[in-house]
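Open the model in your viewer and keep the sequence panel beside it. Each stop below gives a selection and then what is there.

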Amino acid sequence: MAAVGVFMLAALVLSCKCDSVEKLSDDTGPGTGSEAEQSGPATVSSGSEAPGGGGGGAAVSLPDSCEEELLIRPLHSGDIYASFQFRTLWDTDFLHQGKKVSHYRLFPKSLGQVLSKFSVRELHISFTQGYWRTMQWGQPIIPSPPGAELWVWFHNTVADVDGNWKELTNVLSGIFCASLNFIDSTNTVQPSASFKPLGLGNATDHRFLRYATLPREIVCTENLTPWKKLLPCGSKAGLAVLMKSEKLFHSSFHSQAVHIRPVCKDWQCTSTAWELRQTLNVVFDLYTSGQGKKEWSLFKMFSRTLTEACLLASSSKVYVDVTDNPEGELFDLSPATSVLSTAVVLGDRRTYSVYDLTKKETFGQLRSLNLVLRWKGESGDMLRPLLHAERYVAGFGLQTGEIHTLIYNNHPYRAFPVLLLDSVPWYLRLYIHTLTVTSKTRENKPSYIHYQPSKDRLRPHLLEMLVQLPPHSVTEVTVQFERALLKWTEYTPDPNHGFYVGSSVISALVPSVVAMDTNNTQERPLFSSFFPTKEESSYFVRVYTEPLLVNLPTPDFSMPYNVICLTCTVVAVGYGSFYNLLTRTFQVEEPSQSLAKRLANVIRRIRGVPLL
């Protein structure tokens with residue numbers, strides 16, 4: 001009986017394995033049986049295999065894979081920049097008519113259902129606390145504005161884009177525990193030239209694009225927790241164990257984002273896959289961290305060390321930027337590694353020390369990796385970024401004002417165009433005839449202008465311009481506005497704090513120092529493959545300015561309180577007295593006699609004398 005039971009159990013296990021292989025083949029579709037292709041920014045590489053039914057069965061490639069990377073870059077200011085990248089690739093089709101995706105392995109089911117239900121082609125969402133100081137830290141790997149930003153490309157089969165957009169923001173608000181439900185028509189724009197798709201396709205019909213920001217959104221632990229739950233290994237293994245909320249939010253800059261887009265699997269783009277990229281960027285300040293000397297380590301930054309890679313990840317690496325430290329004269333890095341890698345990032349060739357977490361020798365005898373970076377000398381001056389922007393509000397009083405946007409081109413001899421996008425709330429009424437663009441004290445006429453005027457309480461202003469920046473120049477864009485007087489119910493609970501205006505967005509192809517690689521499917525680090533490259537001589541950069549804080553004419557909100565108090569007092573005194581007079585009954589009562597008088601009357605009654 002025992003032998004029969006063992007035989008039946010083995011047959012059941014083999015049948016289950018065969019069923020799983022058949023399901024995998026059905027979900028994968030044609031082309032998954034071929035040999036694995038190179039992994040890269042837009043390449044699917046199956047890092048694991050499904051077990052076969054028998055001992056000599058052929059292995060079946062899984063349709064999804066994931067990678068994780070951590071980039072550590074010492075900054076010239078003494079601060080340190082850490083950038084996490086998690087990428088999940090899945091060979092499936094969410095937008096296929098009549099096909100419902102029901103089997104999820106690495107890709108989060110909550111996001112997959114969102115893509116399928118709302119026919120989303122691309123989704124980009126970010127939550128940022130703090131402002132990126134470009135002049136001190138250089139260009140970020142992936143830029144993002146302060147607050148919350150959301151821009152989505154819908155499929156061209158969507159009939160009601162605004163309806164899908166409204167429902168999508170409510171769903172994402174629940175997924176990420178954010179205030180995205182406050183996104184409505186008053187802060188949503190439809191750009192005509194900016195925010196081209198980063199994935200497949202050159203979509204030119206911007207009717208299916210929506211863009212919105214919430215510059216006042218506060219990012220905290222309740223936003224980080226659902227973000228970590230979307231990772232294949234969660235926060236229990238791999239690089240995600242370093243994401244301790246207490247440390248991440250005790251920093252100068254913190255930004256987390258989710259990007260979903262379709263990408264090519266090979267150079268010819270014969271097949272496609274969906275890419276989910278989760279990024280987290282943080283800058284640790286030397287002074288706010290309480291350190292007296294310039295010495296950094298994984299434990300000091302995150303209060304934890306690395307002990308293992310994510311078992312579901314096909315690649316898990318840590319990169320440390322040592323471009324400015326070729327001979328170790330600037331800082332010491334321990335433990336040392338002989339593995340070096342070069343990559344072109346933001347138009348510059350950089351060198352990195354690489355630590356592969358999938359190899360046991362990386363952790364040493366202690367089975368723990370704690371990178372330590374000790375500064376030995378002062379770093380030189382940082383090269384000024386080629387493209388930089390600032391914005392501020394000028395003027396006096398609470399009636400009119402002026403918005404100034406400064407765009408810096410620090411290239412010594414190359415001029416290049418930039419695309420400026422400004423979304424201004426309706427309560428700042430722009431005088432578009434006062435728009436001026438000057439470069440080197442001369443008028444700089446934009447080659448393209450798109451302006452959509454606002455409608456009170458319905459939509460904001462939208463201004464897009466294509467401006468040519470002369471070499472080594474500062475271009476100033478100014479426009480005047482008038483402040484509107486809101487209804488008293490439209491003011492925020494703290495109206496004297498001011499009203500936020502979202503950041504301006506500047507997109508440009510900046511001239512590159514080295515030749516860029518246009519093969520987007522070639523294997524390279526994740527942090528160098530987010531923006532697709534189409535020209536060898538330039539690279540794409542998106543720059544965000546500071547958000548504006550504008551004061552509006554604010555009524556004296558203490559007056560309603562005073563009126564309420566005075567009215568209540570008058571009602572209580574006047575109506576109360578009148579009501580008492582109408583409802584109270586009066587009776588005449590004789591005054592009571594004193595004790596001496598009553599005794600005297602008793603004596604007089606006894607004597608037969610008339611009473612007093």
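**Stop 1: a strand pair.** Select Trp153 and Leu209. Trp153 stands opposite Leu209 in β8. Strands here are DSSP runs of E with at least two residues, helices are runs of H or I with at least four, and both are numbered from the N terminus. Now show β6 and β8 whole. They pair in the antiparallel sense over six bridges. Two strands count as paired if DSSP finds at least two bridges between them.

Before going on, some ground rules. This is a predicted model, in which local features need pLDDT of at least 70 and side-chain atom pairs count only at pLDDT 80 or more, while totals for chains, interfaces and linings use all residues. Residues are numbered from 1 along each chain as its sequence is written, and side-chain values use heavy atoms, with hydrogens and water left out.

**Stop 2: colour by confidence.** pLDDT is the predictor's confidence in each residue, from 0 to 100. The protein averages a pLDDT of 83, and 85% of the residues score at least 70. Select residues 1–59. Their pLDDT stays under 50, and the model has 73 contacts for them beyond four places in sequence. Contact means heavy atoms within 4.5 Å. Hide this stretch if it clutters the view.

**Stop 3: β8 and its neighbours.** Is β8 mostly covered or mostly open? Mostly covered: six of its six residues are buried. Buried means under 20% relative accessible area, exposed over 50%, and partly exposed in between, with a 1.4 Å probe and protein chains only. Show the side chains. Leu209, Tyr211 and Thr213 point one way from β8, and Arg210, Ala212 and Leu214 point the other way. In a regular strand the side chains alternate between the two faces of the sheet. Next, add β7. This strand pairs with β8 over two bridges, in the antiparallel sense. Thr188 stands opposite Ala212 in β8.

**Stop 4: the eleven-strand sheet.** Zoom out. An open sheet of eleven strands runs in the order β7-β8-β6-β5-β9-β10-β4-β3-β12-β15-β14, with mixed pairing. The edge strands are β7 and β14 (340–345), and each pairs on one side only. At the β14 end, six bridges join β14 to β15 (residues 348–356), and the two run antiparallel. Select Leu340 and Ser353 to see one opposed pair there. Now add α4. This helix packs on the sheet, touching β5 (120–129), β6, β7, β8 and β9 (253–264). The direction of α4 makes about 135 degrees with that of β6. Axes are lines fitted to C-alpha atoms, for helices over the stretch in contact, and angles run from 0 to 180 degrees between N-to-C directions.

**Stop 5: Ile183.** Ile183 is found in the loop between α4 (161–176) and β7. At 2% relative accessibility, Ile183 counts as buried. Beyond its neighbours within four places in sequence, Ile183 is in contact with Leu150, Trp165, Lys166, Thr169, Thr188, Ala212 and Leu214. Measure from Ile183 to Trp165 in the viewer: their C-alpha atoms are separated by 9.3 Å, and they lie 18 residues apart along the chain.

**Stop 6: aromatic pairs.** The structure holds 24 aromatic pairs. Rings of Phe, Tyr and Trp (its six-membered ring) pair if their centres lie within 6.5 Å; planes under 30 degrees apart count as stacked, over 60 as edge-to-face and the rest as tilted. Select Trp151 and Phe195. Their ring centres are 5.0 Å apart and their planes at 50 degrees, so the pair is tilted. Trp151 lies in β6 (residues 147–154) and Phe195 in the loop between β7 (188–189) and β8 (209–214), so the pair ties together parts that are 44 residues apart in sequence. Both residues are buried.

Next, Phe530 and Phe531. This pair is edge-to-face, with 4.9 Å centre to centre and 75 degrees between the planes. Phe530 is buried, with a relative accessible area of 4%. Phe531, at 14%, also counts as buried. Add Arg261, which lies over the face of Phe530 at 5.1 Å from the ring centre. A charge sits over a ring if NZ of Lys or CZ of Arg is within 6 Å of the ring centre and within 35 degrees of the ring normal. Lys117 lies over the face of Phe118, at 5.7 Å from the ring centre.

Finish with Phe84, Phe86, Trp227, Phe284 and Phe302, which ring pairs link into a cluster.
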